[in-house]
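Let's take a friendly walk through the inside of a protein. Have a look at the picture below, then read on.

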Amino acid sequence: MFQIAKTLISEEIIENDFVCNLSACKGACCVDGASGAPLDDDETIILADIFDEVRPFLREEGIKVIEEQGAFVKGDDGEWETPLVNNRECAYVIFADNGITKCGLEEAYNSGATKWKKPISCHMYPIRIREYTEFTAVNYHKWEICDAACSLGNELQIPIYKFVKEALVRKFGEKWYAELEEVANEHTK
């Protein structure tokens, strides 16, 4: 691990390669698992505020769950997360004709209906963050459904931290990311 400001970062995000391979996994990370996407407190307010703008981009099943449970729910771990349809896929998931999942929130953003892309936890994946009193932990979340992404990242030689650069900058800022790049360059010498 190494430290930048008040973040403790796992070397794994430098040492491991990753590029999403949607043709292989079909976006399984939005469907598999026991809980919805983790949400920051401020993201719960955003989700509630933009629901009317996002609604046209969602499936009826997702809209129904959101209307019944709310734009966000408290997970079994006591943390905020997106609600699930049939205890399976995220309520904000939509399916393309080719069976690949897409994010209805991101589709709304891409079309100009909102100014918010999607939860930072989704944007940064496979990186997961955990807030502690004195620091924020930045770790690589390994999941077998992403084996094809690891293989593609290895083939293209793109480390995790470069694959999720936009999201890391969104979360921690340009200066923080520049320091991360310096550390990565030193680490890989």
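Two residues are in contact when they have heavy atoms within 4.5 Å of each other. Leaving aside neighbours within four places in sequence, I127 is in contact with I13, S121, V138, N139, I160, V164 and L168.

Before going on, a word on the source: this is a predicted model, in which local features need pLDDT of at least 70 and side-chain atom pairs count only at pLDDT 80 or more, while totals for chains, interfaces and linings use all residues. Residues are numbered from 1 along each chain as its sequence is written, and side-chain values use heavy atoms, with hydrogens and water left out.

Strands here are DSSP runs of E with at least two residues, and helices are runs of H or I with at least four, numbered from the N terminus. Strands pair if DSSP finds at least two bridges between them. Strand β10 has these two partners:

| Partner of β10 | Sense | Bridges | One bridge pair |
|---|---|---|---|
| β2 (residues 7–9) | parallel | three | I9 with V138 |
| β9 (127–131) | antiparallel | five | I127 with Y140 |

A hairpin of four residues links β9 to β10. Is β10 (residues 136–140) enclosed or open? Four of its five residues are buried (under 20% relative accessible area, 1.4 Å probe, protein chains only), so the strand is largely enclosed by the rest of the structure.

Helix α9 (residues 165–172) also has buried residues: A167, L168 and V169. They pack against α6, β9, α8 and α10.

Methods. Buried means under 20% relative accessible area, exposed over 50%, partly exposed in between (1.4 Å probe, protein chains only).
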